[in-house]
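Glad you could join me for a walk through a two-letter cast of chains. Have the sequence and the 3D view ready, and let's take it one question at a time.

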Amino acid sequence: MVEINTIKNKLKREELYQKQKNAKAKSKRDRRTTLQKEESSNPEKKEKRLAENVPNTLENTREFDETIVEEDAEVAADEATDEFSQYFQNGLTPKILITTSKGPSASVYEFATELVDIFPNTHFVKRKPQFEMKHIIEFSKNRDFTDIMVINEDRKEPNGLTLIHLPDGPTAHFKLSSIQLSKDIEGHGRTSSHKPELILNNFNTRLGHTIGRMFTALFPHVPEFQGRQVATLHNQRDFIFFRRHRYVFKNAKRVNLQELGPRFTLKLKWLQKGTFDRKGEHEWMFKPEMETSRRRFFL
Amino acid sequence: MSSQRFYTGDEQGLVKVVTITEPVVVKPKRVRRNQPAPEAPPKPVPTVETWGIPDREKAVQMMCWDFEKKHLAVARKNGLVQLLDPKDGTVTTEFKHTLGKEGKVDNIFVGLFASSESIITCTNTGRLVVQSIADHSKATVLEVGKDICRMRVHPREHHIVATGGKEQELTLWDLKALCKDTEEETPEPSTKKGKKNSKKAPAPAPAKEMEKKAGGPEARYKSKDILANGQIFKAKNVKNDYLDLRVPVWNTDVQFLNQYDTSRIAVGTRNHQIRVYDIKSGARRPAVDAEVGEMPVVAMANGKDGSEIVFSDTVTNVYSIDTLTGAIIGQYKGFTGVATALATFIPFEDDSTAHLVTVAMDRCLRVHEMTKTRKLLHKVYLKQRMTAVVVGEYAPAEPTEDEEDGVVSNKKKRTEGEGDDENDDDLWESMGKLEDKKNKKRKLAKE
């Protein structure tokens, strides 16, 4: 057997390489067909193989994080009295104010319209140049708003979302990316005014819990199941994917989904204690020096 | 295995005792070529003991050792000031101060100090209370201005207090003078002097007090800026900036740099400046004025013998700065949240490396070593947003051979670095106390 890379003649080399490649593919095909035959008669073998051959993914091999919450009485006590207790304990309905940074462009208004559609009980207010954030926060508190969302933009596209929980709740700033408005989604459905159900995936760590609760506090407590609408916030590798679907049960085993509404991705940049204050204390702040490993995630 | 204890306070009112043990340093044996290397002993896990039940109203705002390091003083959000037994956290003494509200903002404690006779506390409204420990009813209430951000008591001279705040320059008060004035005072409305709201004492007392105070600085003060009674030193604002505008004043933290006298004081401001004032020179303007970082200073701690200051700002940076020049020595990395409290300590009494322990809003306690590398040695997740840390006992390891003579066991460490004379004094002082402890006996090196 000659090493292919020692052959100087290109035609010959190519020929040999193709032969080798085909031989490899054939042996793989043969192995798989015999395996399939064996497993069709013996399903246990298949299960055994699947159980053994679990591939390593970044999520499986995630670096150990001691802040992952697991049935902790202290954390539960902390959460029972945190800034969201008005929503969780007292059942306060959320009232959201959506605004933008100063001098926004058209795409920001479009995105804002979508946001107003997603969260029930929302008001959009055009940003006037004479008011700073602290004034806006004060006015909202006076009018009993529970949350403020500020859409930031750069180069005519929305690129940031700041979520401020009132009256003195945390402020979270996210990087917004991959926005697809509903009109750009093929086969998208029409939304109705029913309150959606909420799915929050994978908010494991203590920081993740805080952010997860912040998102929960944006939606009304009791969904209207008749609307069959569901909003999902899925956290994977510190990116939070937002999707909205309408589901329909075809039969006992099968559910069909139709996508509604916008898709966007959020990534937490910083979390500040208290309402937005440029000189306020940051409970968590992303810094590139924190990215020590590909398997380390914070949410 | 040597172990170090830390006491932390958090916003749920829990006091946690964290014990970090250093593993025994095992000399690696020479391994033959084909044989497997021996396994390293497992790294010891820090233990955490929690005292208290979660209750936000009892959030710990300030925490410190009392002067003899027998009790832990804790100041809480609902106005409770407690002295805890460091062994098991039981409350030995408790006082209730009133912490009202100003509009919608709660008043907070900004200073706490405990000596054997009294506890001195200060709130952000400038209400300084000297509470006698023995006699619960005896409490002297003094006014040190409004919008105070930090009050610190000098570790040696317990009657000297430094305050600083929003539009409140660094001021040094003499409590003995202030107390005396309030005792002799007839009930009159307080008069405003400049920005201060100090009580003006009747005629005979000030003449006596003026004689007691240091003569030099006062003589140079302009007539409209006379020191109010009880004040020893009041700083002056720096010169106008390059646009000839007044530089705003907002001091967020104060630290005494010198353990013996009040000669040098460092101040951190909201406009990311670190200033060092030299009282002895008589100058009212800072000797060193450095702009570091871009965000307000949150907390400060003394480094080795007053030449170094470690401070944290609101964007998770922790800098170490030289107090003589104002230059940054380095930055401590690894923080994901604001470091709310810092403390420096030296595990051994002689010149071993200083360590920095910090507690942050990202719910972790970190120990860095204060060498050139500024390496993170330990990180302990503590589940709560922490607000205060106090350095506890250090128990050195059992020596394998008798290498460590002259080291005293179970000596409670000071939070700031010390000079050698101090060590000897304390060594002699504590010798008597060691007999009470039922810990390992050690030979004391008698000089």
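What follows is a set of questions and answers about this predicted model.

Q: Which part of chain A does UniProt mark as "domain: Brix"?
A: Here we lean on the record, and the entry is an unreviewed one. In the model, the span it marks is 18% helix and 42% strand, and its end C-alpha atoms lie 22 Å apart. According to UniProt, the feature covers residues 94–277 of chain A.

Q: How far apart are the end C-alpha atoms of helix α5 of chain A?
A: Start with the expectation: α5(A) runs over residues 106–118, which is 13 residues. At 1.5 Å a residue, that should span 18 Å. The model agrees with this, because the end C-alpha atoms of α5(A) are 19 Å apart.

Q: How wide an arc do the buried residues of α5(A) cover around the axis?
A: The buried residues are S107(A), V108(A), F111(A), A112(A), E114(A), L115(A) and I118(A). An α-helix has 3.6 residues a turn, so residues three or four places apart point the same way. The buried set of α5(A) therefore sits on the same side of the helix, within an arc of only 160 degrees.

Q: Which exposed residues does α5(A) carry on the face turned away from its buried side?
A: Look across the helix from buried residues such as F111(A) and L115(A). To count as exposed, a residue needs over 50% relative accessible area. On the face turned away, the exposed residues are A106(A) and T113(A).

Q: How many aromatic pairs does a search of the whole structure find, and what kind of pair do Y109(A) and F124(A) make?
A: The search over all chains finds 16 aromatic pairs. For Y109(A) and F124(A), the ring centres are 5.9 Å apart and the planes stand at 75 degrees. Planes over 60 degrees apart count as edge-to-face, so the pair of Y109(A) and F124(A) is edge-to-face.

Q: How many residues apart in sequence are the parts that Y109(A) and F124(A) tie together?
A: Y109(A) lies in helix α5 of chain A, while F124(A) lies in strand β2 (residues 122–124) of chain A. Both are partly exposed, Y109(A) with a relative accessible area of 30% and F124(A) at 31%. The ring pair ties together parts that are 15 residues apart in sequence.

Q: Is F249(A), the ring partner of Y247(A), buried or exposed?
A: The rings of Y247(A) and F249(A) have their centres 5.9 Å apart and their planes at 70 degrees, so this pair is edge-to-face. Y247(A) counts as buried, at 15% relative accessibility. With 57% relative accessibility, F249(A) counts as exposed.

Q: Where is the cis peptide bond that involves P167(A)?
A: P167(A) belongs to the loop between β4 (157–165) and β5 (171–180) of chain A. The clue is the omega angle, which is about 0 degrees. The cis bond joins L166(A) and P167(A).

Q: What is the strand order of the open sheet of four strands in chain B?
A: The edge strands are β14 (148–153) and β17 of chain B, as each pairs on one side only. β16(B) pairs with β15(B) over five bridges and with β17(B) over three bridges, in the antiparallel sense. The order is β14-β15-β16-β17.

Q: Which residue of β17(B) stands opposite T171(B)?
A: β16(B) covers residues 168–174, and seven of its seven residues are buried. Its neighbour β17(B) covers residues 231–234. Opposite T171(B) stands K234(B).

Q: Which residue in the hairpin of β15(B) and β16(B) takes a positive phi?
A: The bridge partner of G165(B) is Q168(B) in β16(B). The hairpin has two residues between the strands, and a phi near 55 degrees is found there. The residue that takes it is E167(B).

Q: Is K69(B) buried or exposed?
A: K69(B) is found in the loop between β4 (60–65) and β5 (72–76) of chain B. Its phi is positive, about 60 degrees, although K69(B) is not a glycine. Since its relative accessibility is 11%, K69(B) counts as buried.

Notes:
Residues numbered from 1 in each chain as written. Chains lettered and ligands numbered in written order. Predicted model: local features only at pLDDT ≥ 70, side-chain atom pairs only at ≥ 80, totals over all residues. Heavy atoms only, no water. Buried < 20%, exposed > 50% of the residue type's maximum accessible area, 1.4 Å probe, protein only. Pairing = 2+ DSSP bridges. UniProt positions renumbered as here; feature names shortened; annotations may be inferred. Expected span 1.5 Å × (residues − 1). Arc of directions from axis to C-beta. Phe/Tyr/Trp six-rings, centres within 6.5 Å; stacked < 30°, edge-to-face > 60°.
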